[in-house]
Amino acid sequence: METITFFISLLVLFASLYYFFCKIIPSPRQQVAGYQLPPGSTGWPIIGETLEYLSTARDGVPEKFIADRRKKYSDASASSAAATEGSCKVFKTLLLGEPMAMLCTAAGNKFLFSNENKLVKTWWPAIFQKLFTDSTKLEYSKVTIHNRKAIFPFLKPDAVRKHIGVMDQVTKEHFGKHWSLQDQKQVIKFHSLVKKYTLALSSRLFLNLEDPQVIAKLQESIRHINEGLVSLPVDLPGTNFNRAIRASRKMKKEIDSMVAQRKNDLMNLNMIDREQLENAPQDLMSSFLLETRSDGQELTEEEISKYLCGIMLAGFDAIINTLCATVIVLSQLPEVYDAVLKEQMEIAESKDEGELLNWGDVRKMKYTWNVVCEVLRLQPPTGGTFREAMTDFVYEGYLIPKGMKIHWNVHATHKNPEYFPDPHKFDPSRFEGHGPPPYSYVPFGGGPRMCPGKEHARYEILVFLHNLVTRFKWEMVFPDEKMVVDPVPFPSKGLPLHVFPRI
């Protein structure tokens, strides 16, 4: 009887899995007009190869997941002796419950970036969709297009250059408040403090917000949201995912209130004297409220609130973890630190007392930016993003059917010796002259979906590093501490530093 029960249970299990894969997650077509899907494996049922994908990232070798499969799935038409790691340009896998194609070369990056909204469109896993939107009226690609068009005027290079003085002022205020040393050498938790700095600056520039209590509430919401992003998508009380959903709604409600109040303030100012609008806050929220879309309609408060939530979240971890990784490099490579210090001290010595940094000063930070670029090559703030095929198309002789997901992964090229000789060596000179081969260095993405905050991130990072190296010296409490990825980079021990003032 027990044997019969066991076999019935087994049959029910297999029937359930069959229904799940064939009905709920239908497999992509295997062949059309003679073209087959890319070589590869879907791994274990449901989870696919997700665990191995995440484990290589945690071990600090995310490129291994790609390199191993490139070698394994080398062109079947090539002899085993001729097959090389580089001969496989696309393979299939199953991640996050979805069959996916992974394009592995700079040419693959170019193909995806140049075919945005032609052959491919934006796609995000269900966990992102549930956390970041409650609207199903627009496709995500259309929402993204509207979002970028609204944001661009504020984040275009000419506009961002006007923010450099504010960035410098906020940075100096941060160091004065949080880095005031009680003795000649004390320990600060860099990762924790740089979170405060990043959010304070974003709140100032995007929301014209300086209230520390409100900023602390936003930081708490962002913390829960980020924890939810790396959790199981189980929406039950007490789970990280449930807390993340509630935090997302709380953050949205907080910003809803700010938008409504700012709109009322601007309307009152307009009624009193239109010329006074020139003195209105020059933050992103006000810019949204004063702008109109291409159809002549004003952005709704709901749209503005969603855009602002997305922007506040988008660059938070990216800038924080880039600064952490850069400080580790400067701590562990004295020759790089000395060159950065020399460049920054020359700029500091050219300034009058109390004079803030400007665009001309940032332009002189060429070596420092090359260092940051090399940090971003080795430790990009995100592993990549996702697309979905809008129609059947053929890439490198393989079928990518309509609806199949595509994972663009930055590590496919950043640590590939084909583009970066001796790829694990830290070498800022790679970015001198013409720099790396086109589409091989892509920490900010590319094409129509290149990160709109690229210039903002550049200036924020450089302004912070200028103030850091010209005001302080430091030593790592744990000299061998490294960045780990789970699933975004962060310092394994919080990066405590022995800090003392520069005389």
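Glu396 is partly exposed, with a relative accessible area of 43%, and its place in this predicted model is the loop that runs between β8 (393–395) and β9 (398–400). The backbone of Glu396 has a phi near 50°, which is a positive value in a residue other than glycine. A second residue with a positive phi that is not glycine is Asn117, where the angle is near 65°. Asn117 is found in the loop between α4 (106–114) and β5 (120–122), and with a relative accessible area of 35% it counts as partly exposed.

**The protein as a whole**

The two loops just described belong to a protein with 19 helices and 14 strands. Of its 503 residues, 46% are buried. When contacts between residues at least 6 apart in sequence are considered, 71% of them join residues that are at least 24 apart.

**Accessibility of selected residues**

The table sets out the relative accessible area of several residues that appear in this report.

| Residue | Relative accessible area | Class |
|---|---|---|
| Cys88 | 3% | buried |
| Cys309 | 10% | buried |
| Ser203 | 0% | buried |
| Asp480 | 68% | exposed |
| Asn117 | 35% | partly exposed |
| Glu396 | 43% | partly exposed |

**Helix α3 and its two sides**

Helix α3 spans residues 63–72, and its buried residues are Glu63, Phe65, Ile66, Arg69 and Arg70. These residues lie on the same side of α3, because they cover an arc of only 160° around the axis. The buried residues of α3 pack against two helices and three strands, namely α2 (50–58) and α18 (411–414) together with β3 (90–95), β4 (98–103) and β10 (405–409). On the face of α3 that is turned away from this buried side, the exposed residues are Lys71 and Lys72.

**Ser203 and its surroundings**

Ser203 is placed in helix α9, which covers residues 190–207, and it counts as buried because its relative accessibility is 0%. If residues up to four places away in sequence are left aside, Ser203 touches Asn208, Leu209, Ile215, Leu218 and Met312. One of these partners, Leu218, also appears in the lining of the largest cavity, alongside Lys217, Ser221, Lys250, Met251 and Glu254.

**The enclosed cavity**

How many cavities of 30 Å³ or more does the count come to? The count comes to 1 cavity of that size, and the largest cavity has a volume of about 30 Å³. Two helices, α10 (212–229) and α11 (240–272), each supply at least two residues of its lining. Sorted by class, the lining of the largest cavity has 3 charged, 2 nonpolar and 1 polar residues.

**The second largest pocket**

About 600 Å³ of space lies in the second largest pocket. This pocket is lined by 24 residues, and those that lie nearest its centre are Leu378, Gln379, Lys415, Lys482 and Met483. At least two lining residues of the second largest pocket come from each of α14 (316–332), α17 (366–378) and β12 (483–485), and the largest share, 4 residues, comes from α14. By class, the lining of this pocket has 12 nonpolar, 7 charged and 5 polar residues.

**Asp480 and a partner distant in sequence**

Asp480 lies in the loop between β11 (472–476) and β12. With a relative accessible area of 68%, Asp480 is exposed. Although Asp480 and Ile328 are 152 residues apart in sequence, their C-alpha atoms are 9.0 Å apart in space.

**Cysteines**

Why does Cys88 not form a bond with Cys104? The sulfur of Cys104 is the closest cysteine sulfur to that of Cys88, yet the distance of 5.2 Å is too far for a bond, since a disulfide requires the two sulfur atoms to be within 2.5 Å. The structure as a whole holds 0 disulfides. Cys88 counts as buried at 3% relative accessibility, and Cys309 is likewise buried, with a relative accessible area of 10%.

Notes. Residues numbered from 1 in each chain as written. Predicted model: local features only at pLDDT ≥ 70, side-chain atom pairs only at ≥ 80, totals over all residues. Heavy atoms only, no water. Buried < 20%, exposed > 50% of the residue type's maximum accessible area, 1.4 Å probe, protein only. Arc of directions from axis to C-beta. Contact = heavy atoms within 4.5 Å. 1 Å grid on protein atoms, 1.4 Å probe; cavity = no way out; pocket = protein on both sides within 12 Å on 5 of 7 lines; lining within 4 Å. Points joined across faces, edges and corners; volume = space filled by probe spheres on them. Nonpolar A, V, L, I, M, F, W, Y, C, P; charged D, E, K, R; others polar.
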